[in-house]
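Biologist: Hey, I've just opened this one and I don't know my way around yet. Can you walk me through it?
Modeller: Sure, let's put it up and you can ask as we go.

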Amino acid sequence: MVFLLPDFRPGWRFVSLACCLRVAEGVTVSFGLPHGRMVAEVATSPQGAVAENSSFVLAANRTYRKDPLNGFNRYTGGWNITNVEYWASVGFTAAPLFVIAAAWFVFFGLTLFFICCCYCCCSHRRQGYPYSRVAYALSLIFLIFFTVAAIVGCVVLYKGQGKFHSSTTSTLKYVVGQADLTVSNLRNFSTYLAAAKSIGVDQIFLPADDQAKIDTIQMKLNATANELGSQTAKNSDDIQQLLDSVRLDLIIVAAVMLFLVFLGFVFSIFGLQVFVYVLVIIGWLLVTGTFILCGVFLLLNNVVSDACVAMNEWVEHPTAKTALDHILPCVDVATANESLYQSRRVTYQMVNLVNQVVMNISNKNFPPALAPLYFNQSGPLMPALCNPFASDLSTRQCQAGEVDFNNATQVWRGYMCQVSSSGTCTTVGRVTPSIYSQMTAAVNVSYGLYQYGPFLVNLEDCTFVRDTFSTIGDTECPGLRKYSKWVYIGLVMVSAAVMFSLIFWVIYARERRHRKYSKLPLQY
């Protein structure tokens, strides 16, 4: 069954494949192309060889099939669901089953017509019927054999559809879970940005230009999260309904064919000739339909396998230009970079804001005349908060004597004094409870923004998508391939067994009639 992954920007939508993204217009955080992803495109051999700075043909070996749209020459475009020649080549793999369905429909239909004409023309007179015990016994044996084979095929089909439904549902839940995780992270990150804009320590706030930039990026993040969340919920419901419909259809096919085989066998054994021929006509149409369904599931099995191979190869070559560039960009570079930049800048500014209060107010011994800077602070000096970023926003190592996000609030609690009704310290300490609570809030927001840095980096360099595809390829694809093949095998078994059962219904009915009339005297 085909699966869908969302593009993380406004206008995204699900597209069918075995887990792929569709890109639409919009500018927000999304899976997209890393900076410098566009590379020179060169011809790629069917074997899928790729050089540095070249395009890469996904699943080249697996998709090296005959293309009926190109004079039955080999298709060399690799996995590419936007290419009609890919669909033609993969559809051609199911052509034998479609041909069998057409041939069965035509030739068995003509056979039924011929039998009907002979029966009508010869119904008013009996002739001597050649009767053979061997033919009678063999027709009965084959009838029993193909009836059993049809029952086994129905069981395989029923079991296969159950496993296939479970596997496809599991894959869908994983994909939706990844989308929901992204929505949650984007919303949490946006919430921390909003909190950073409003937090101040001792009446010191972020600069106005930084607050304006937070407003801009927050609008983009919220738009992306809202769009992704609503579309994920809607499309996951639609896909689940489709999967449930496919499951129900396959169960109906298995049940109807099983019931048909059972009735046909019973009617044949008891010589209910009229009912047998009615079932033969019904079975003739049903077998035609199941052969077509076999072809569809063979095509589906090949597409799923192609997609799984393509995802595994893309994981190994995420920076090469591939067909997934048109369907699955890793990230919208501008917005991801802006979000990551603002995350680091706001964290840096918030830590600086706290340290300004620590170094310039709490650790200073002001005279009483300089209130409100003076609140009778005294005692050992407070340690500064370690800033994880330098002024150029590069990674910075903590220095001796600094506290980090994990222990800052606990350490600073030891420097908090008790205050009087006027707000001045009455005990030894460097911060009042009010300033301490503001500093704690600033530390929590800074730490929250800092924690979402790796998430934004993973979006930017495709790590998030690569990990998702690796998980799908390792844990979901084997089940998808295996159980789609089970359904295909079950359908083939049912189709072939019922087809031969129909034939032997007619043969056995004929031999039974011959056996009956061979015991009667001839009439002239």
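Biologist: Let me start somewhere random: is Leu393 buried or exposed?
Modeller: Leu393 counts as buried because its relative accessible area is 10%, which is under the 20% cut-off. Keep in mind that this is a predicted model.

Biologist: Okay, and where does Leu393 sit?
Modeller: Leu393 is in the loop between H6 and H7. Its phi is positive, about 70°, although Leu393 is not a glycine.

Biologist: Which other residue that isn't a glycine has a positive phi?
Modeller: Ala59 is one of them, with phi near 50°. You'll find Ala59 in the loop between strand S3 (18-22) and strand S4 (66-67). Ala59 is buried too, with a relative accessible area of 1%.

Biologist: Back to the loop between H6 and H7 for a second. Which cis peptide bond should I know about?
Modeller: The one joining Ala371 and Pro372, where omega is about 10°. Pro372 belongs to that loop, between helix H6 (333-362) and helix H7 (408-413).

Biologist: Let's zoom out. How many helices and strands are there?
Modeller: The chain has 10 helices and five strands. It runs to 524 residues, of which 47% count as buried.

Biologist: And how much surface does the chain expose?
Modeller: About 24400 Å², with carbon and sulfur atoms supplying 62% of it.

Biologist: What about contacts between residues that are far apart in sequence?
Modeller: Take the contacts between residues at least 6 apart in sequence: 74% of those join residues at least 24 apart.

Biologist: Show me an example. Which residue is 8.6 Å from Ile151 in space?
Modeller: That's Ala497, going C-alpha to C-alpha, and the two are 346 residues apart in sequence. Ala497 lies in helix H10 (residues 463-518).

Biologist: What does Ala497 touch?
Modeller: Leaving out residues up to four places away in sequence, Ala497 touches Phe146, Ala149 and Ala150. At 3% relative accessibility, Ala497 is buried.

Biologist: Got another pair like that?
Modeller: Try Ala94 and Cys294, which are 200 residues apart in sequence and 8.2 Å apart in space, C-alpha to C-alpha. Ala94 is in the loop between helix H1 (84-92) and helix H2 (95-121), and it is in contact with Gly295, Leu298 and Leu299 once neighbours within four places in sequence are set aside.

Biologist: Why does Ala94 count as buried?
Modeller: Because its relative accessible area is 0%.

Biologist: Now helix packing. How do you describe two packed helices?
Modeller: By the angle between their axes and the distance between the axes.

Biologist: So what are those values for H3 and H8?
Modeller: The axes of helix H3 (residues 133-198) and helix H8 (residues 433-451) come within 9 Å and cross at roughly 145°. H3 passes H8 in a left-handed crossing.

Biologist: Which residues make the contact?
Modeller: On H3 they are Phe189, Tyr192, Leu193, Ala195 and Ala196, and on H8 they are Asn444, Val445, Gly448 and Leu449. Seven of the contact residues are nonpolar, two are polar and none is charged.

Biologist: And where is Pro207?
Modeller: In the loop between H3 and helix H4 (208-269). Pro207 is partly exposed, with a relative accessible area of 34%. Going C-alpha to C-alpha, Pro207 and Lys197 are 9.1 Å apart in space and 10 residues apart in sequence.

Biologist: What about Gln349, what does that one touch?
Modeller: Gln349 touches Pro207, plus Leu206 and Asp210, not counting residues up to four places away in sequence. Gln349 lies in helix H6 and is buried, with a relative accessible area of 17%.

Biologist: Last one: Ser305. Where is it?
Modeller: Ser305 is in helix H5 (residues 273-316). It is buried, with a relative accessible area of 6%.

Biologist: Which polar partners does the side chain of Ser305 have?
Modeller: A polar contact of 3.5 Å joins it to the side chain of Arg62. A polar atom of the Ser305 side chain also lies 2.9 Å from the backbone oxygen of Asn301.

Biologist: And what does Ser305 touch beyond its sequence neighbours?
Modeller: With residues up to four places away left out, Ser305 touches Arg62 and Arg481.

Key
Residues are numbered from 1 along each chain as its sequence is written. This is a predicted model: local features need pLDDT of at least 70, side-chain atom pairs count only at pLDDT 80 or more; totals for chains, interfaces and linings use all residues. Side-chain values use heavy atoms; hydrogens and water are left out. Helices (H or I, at least four residues) and strands (E, at least two) are DSSP runs, numbered from the N terminus. Buried means under 20% relative accessible area, exposed over 50%, partly exposed in between (1.4 Å probe, protein chains only). Contact means heavy atoms within 4.5 Å. Accessible areas come from the Shrake-Rupley method with a 1.4 Å probe; for residues, only the protein chains shown count as cover. A polar contact is a pair of N or O atoms within 3.5 Å; within protein, one must be able to donate a hydrogen and the other to accept it, and residues adjacent in sequence count only if both atoms are side-chain atoms. Axes are lines fitted to C-alpha atoms, for helices over the stretch in contact, and angles run from 0 to 180 degrees between N-to-C directions. A crossing is left-handed if the near helix is turned anticlockwise from the far one by less than a right angle, and right-handed if clockwise. Ala, Val, Leu, Ile, Met, Phe, Trp, Tyr, Cys and Pro count as nonpolar, Asp, Glu, Lys and Arg as charged, and the others, Gly among them, as polar.
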